[in-house]
Amino acid sequence: MTEEIIKCKTRVQKHGEVFTPKRIVNKMLDIPEIKEACENLTTTFLEPAAGEGAFLVAILERKLKIVSGKYNNDLVQYENYSLLALTTLYGIELLEDNAQTCVMNMFQKYYDHYKEQIEYHNGDMKQKVLESAKKIISLNIGNGNFLTRKAVDGASLVFSDWKPINLRKTTKNIKVQRTEYTLDEIYENTQKENGKALRQPKNEPEQIDIFSFLDEELETQEDEKEMQYIPVKIIDVYKEEMEEV
Ligand SMILES: C[S@@+](CC[C@H](N)C(=O)[O-])C[C@H]1O[C@@H](n2cnc3c(N)ncnc32)[C@H](O)[C@@H]1O
């Protein structure tokens, strides 16, 4: 199958959109220092013009090979360390369709490797592992402009740091602490309290209150609720559990 590296002339002119062929990606990742970094589970990568994920997917593939070789005594160990590998891959992409394809391509790569291990261990796929993989990938791939550091809606690009807690060689069930940073804060090397959340909790029941115009002051206080993520098992990150500070 031939690889499409260009979608159309206008996109090339407007956005410099030319995808890197797999063969070139792999040549670049084979540069000794980069190869070593790809084989280190906790080394973090940020691809600032991610496209459809040519580099991120290839790095994920390399990391997952390390997981299946070294952290694969049983399915639980594979699930935990493969999710840990996912937490280290970040991307930014300006065009929405590319950003979505990038997320899908990364998830497909994760899924294919997980399926292989399910067959190898004769086990069952866990929905919570797949949900956590989806959550990590979709939070780590930002749809925005790397140069202005803004998302497409003009808000700051926000990324989550997924810090493993007390990770040792013998750890099987990994716990992580999620903390959110804007891209500006990452550049400024801002130090934050563990768990700090920039987003508001979701899934809160929306109340229709006909007297709400009287409660404006109350509502403002409500909006400014300070939240933090609580440390959770890596296979449970999809729940996005938070508490009020
Ligand atoms: C040359 S392509 C490379 C894509 C991918 N890295 C690859 O190697 O296949 C550049 C990509 O960057 C995106 N892009 C252009 N300007 C950008 C910006 N300011 N911030 C984020 N992404 C941008 C384009 O939409 C395009 O997908």
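Student: Which atom of the ligand does the polar side-chain atom of Glu47 lie close to, and how many Å apart are they?

Tutor: In this predicted model, a polar side-chain atom of Glu47 sits 2.9 Å from a nitrogen atom of the ligand. Ala49 uses its backbone instead: an N or O atom there lies 2.8 Å from a ligand nitrogen. Then look at Asn98, where a side-chain N or O atom is 3.2 Å from an oxygen atom of the ligand.

Student: How much of the ligand's accessible area does the protein cover?

Tutor: On its own the ligand has 600 Å² of accessible area, and the protein covers 85% of that. There are 21 residues around the ligand, and Gly16, Thr20, Ala49, Glu93 and Asn145 come nearest.

Student: Okay, now helices. What describes two packed helices?

Tutor: You give the angle between their axes and the distance between the axes. Here, take α5 (residues 75-87) and α7 (residues 127-140): their axes come within 9 Å and cross at roughly 10°. Angles under 35 degrees count as roughly parallel, so α5 is roughly parallel to α7.

Student: Which residues make the contact?

Tutor: From α5, it's Glu79, Leu83, Leu86 and Thr87; from α7, Val129, Ser132, Ala133, Ile136, Ile137 and Asn140. They split into six nonpolar, three polar and one charged.

Terms used. Residues are numbered from 1 along each chain as its sequence is written. This is a predicted model: local features need pLDDT of at least 70, side-chain atom pairs count only at pLDDT 80 or more; totals for chains, interfaces and linings use all residues. Side-chain values use heavy atoms; hydrogens and water are left out. Axes are lines fitted to C-alpha atoms, for helices over the stretch in contact, and angles run from 0 to 180 degrees between N-to-C directions. Helices (H or I, at least four residues) and strands (E, at least two) are DSSP runs, numbered from the N terminus. Angles under 35 degrees count as roughly parallel, over 145 as roughly antiparallel, 65 to 115 as roughly perpendicular and the rest as oblique. Contact means heavy atoms within 4.5 Å. Ala, Val, Leu, Ile, Met, Phe, Trp, Tyr, Cys and Pro count as nonpolar, Asp, Glu, Lys and Arg as charged, and the others, Gly among them, as polar. A residue is near a molecule or strand if one of its heavy atoms lies within 4 Å of it. A polar contact is a pair of N or O atoms within 3.5 Å; within protein, one must be able to donate a hydrogen and the other to accept it, and residues adjacent in sequence count only if both atoms are side-chain atoms. Accessible areas come from the Shrake-Rupley method with a 1.4 Å probe; for residues, only the protein chains shown count as cover.
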